[in-house]
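This report goes through one protein chain, element by element. The sequence and the structure come first, and the notes follow.

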Amino acid sequence: MDYKNITVAGSGVLGSQIAYQTAYKGFNVSVFDINDEAIEIAKDRIQKLKARYQEDLGATQEEVDNAYNRMNFYSDLSKAVSSADLLIEAVPEVVDIKMDFYKKLAQVAPNHTIFATNSSTLLPSQFAEATGRPDKFLALHFANEIWNNNTAEIMKHPGTDEKVFQDIIEFAKAIGMVALPLYKEQPGYILNSLLVPFLEAGQKLLVNGIADVDTIDKTWMIATGAPQGPFAILDVVGIRTAYNITVAKVKATGDEEFQRMADFLKTEYIDKGKLGIETGEGFYKYPNPMFKDPGFLDN
């Protein structure tokens with residue numbers, strides 16, 4: 001593995017985290033998004049990560065500043081990938097958006113650039129041909145709050161070159177991750193194969209009127225000793241991401257229950273700007289959500 005220059009395409013919550021973590025570990029990082037407004041939002045989002053690294057990892061001011069200084073920002077894709085050894089795609093979890101992105105990327109990326117998708121639930125084989133380099137394409141999936149929850153799932157598709165697969169495993173280790181190789185394609189990988197059904201079960205209980213958010217989370221926390229319930233986790237994941245996953249389920253299955261879930265997330269949360277921790281409110285209000293109150297589990 002001889003990667004030096006990394007491009008992260010998509011500067012949302014997780015894309016920004018991937019970019020900053022990679023820069024923190026000494027790589028040169030280019031961040032791409034679709035327009036200058038998105039780039040300015042990304043810069044602000046990443047600046048705020050500095051305090052988290054100092055608080056959670058004991059990083060010094062010099063370390064967090066140096067990490068940021070290793071980053072460049074672009075709204076021009078060809079410039080963002082001009083020297084990329086590896087591009088990590090973190091664009092929205094929508095098939096058409098990803099497919100369009102890869103077709104454009106294939107036209108401007110250098111021949112040696114490896115492509116990796118951070119998709120949460122979609123398979124690399126769905127996009128392999130669109131990349132124009134299926135042998136240099138695979139999945140590299142991270143968990144939210146990457147600096148603490150440092151998993152990296154590396155999943156190849158049948159056409160991925162074995163050296164590329166091994167190099168990405170080494171890259172994941174180089175940026176401080178626990179590398180978790182998957183040898184066959186699996187929707188949801190390991191983490192989301194476990195997590196998504198759990199989150200969906202919580203949403204179904206809410207949408208079907210079985211119990212409210214607090215009661216569902218409280219039940220899980222008391223019964224299992226977990227620090228968070230499904231709705232606290234959804235606020236971290238981001239409600240827009242949960243919505244996109246649910247819409248994909250609707251398209252795949254036509255299931256009316258998933259449609260009710262999607263409609264609920266859109267009208268009650270997304271349309272009201274309640275996207276989770278990112279916007280200061282989702283199922284809970286931040287920075288002091290109710291589930292962290294000392295008496296939350298007692299009442």
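## Helix H5: Met 99 and Val 95

Leaving aside neighbours within four places in sequence, Met 99 is in contact with Gln 126, Phe 127 and Ala 130. The model in which these contacts are found is predicted. Met 99 belongs to helix H5, which covers residues 95-108. The relative accessibility of Met 99 is 23%, so this residue counts as partly exposed; the class of buried residues ends under 20%. Between Met 99 and Thr 131 there are 8.5 Å in space, C-alpha to C-alpha, for a separation of 32 residues in sequence.

Val 95 is also found in helix H5. When residues up to four places away in sequence are not counted, Val 95 touches Leu 122, Gln 126 and Phe 127. Gln 126 and Phe 127 are thus among the contacts of Met 99 and among those of Val 95. An α-helix has 3.6 residues a turn, so residues three or four places apart point the same way. Val 95 has a relative accessible area of 34% and is therefore partly exposed. Leu 195 lies 100 residues from Val 95 in sequence, and the two C-alpha atoms are 21 Å apart.

## The chain as a whole

The secondary structure of the chain consists of eleven helices and eight strands. The radius of gyration is 19 Å, close to the 19 Å that the globule rule gives for 299 residues, so the chain is as compact as a globular protein of that length. The C-alpha trace spans about 55 × 50 × 35 Å along its principal axes.

Of the 299 residues in the chain, 49% are buried. The accessible surface comes to about 13800 Å², and carbon and sulfur atoms hold 51% of that surface. Among contacts with a separation of 6 or more, 67% are between residues 24 or more positions apart.

## Helices H8 and H9

How are H8 and H9 placed relative to each other? Helix H8 (residues 213-224) packs with helix H9 (residues 230-237) at an angle of about 105°, and the two axes are 7 Å apart. H8 and H9 are therefore roughly perpendicular to each other, the range for that class being 65 to 115 degrees. On the H8 side the contact is made by Val 213, Ile 216, Asp 217 and Trp 220, and on the H9 side by Pro 230, Phe 231 and Ala 232. Of the residues in this contact, six are nonpolar, none is polar and one is charged.

H9 is mostly covered, with seven of its eight residues buried. The buried residues are Pro 230, Phe 231, Ala 232, Ile 233, Leu 234, Asp 235 and Val 236. Their cover includes helix H7 (191-207), H8 and helix H10 (239-253). After H9 comes Gly 238, which has a positive phi, near 105°.

## Lys 48 in helix H2

Lys 48 sits in helix H2, which covers residues 36-57. Is this lysine buried or exposed? Lys 48 is exposed, because its relative accessible area is 57% and the exposed class begins over 50%. Lys 48 and Lys 103 are 55 residues apart in sequence, and their C-alpha atoms are 33 Å apart in space.

## Backbone points to check in the view

Two residues that are not glycines have a positive phi of about 55°: Glu 145 and Tyr 189. Glu 145 is in the loop between strand S6 (137-142) and strand S7 (151-155). Tyr 189 is in the loop between strand S8 (178-182) and H7. Tyr 189 has a relative accessibility of 1% and so counts as buried.

Where does the chain have a cis peptide bond? One such bond joins Tyr 286 and Pro 287, with omega at about 20°. Pro 287 is part of the segment after helix H11 (256-268).

How values were computed. Residues numbered from 1 in each chain as written. Predicted model: local features only at pLDDT ≥ 70, side-chain atom pairs only at ≥ 80, totals over all residues. Heavy atoms only, no water. Axes fitted to C-alpha atoms, helices over the stretch in contact; angles between N-to-C directions. Helix = DSSP H or I, 4+ residues; strand = E, 2+ residues; numbered from the N terminus. Parallel < 35°, antiparallel > 145°, perpendicular 65-115°, else oblique. Contact = heavy atoms within 4.5 Å. Nonpolar A, V, L, I, M, F, W, Y, C, P; charged D, E, K, R; others polar. Rg over C-alpha atoms; globule rule 2.2 N^0.38 Å. Buried < 20%, exposed > 50% of the residue type's maximum accessible area, 1.4 Å probe, protein only. Areas by Shrake-Rupley, 256 points an atom, 1.4 Å probe, with all protein chains shown as cover.
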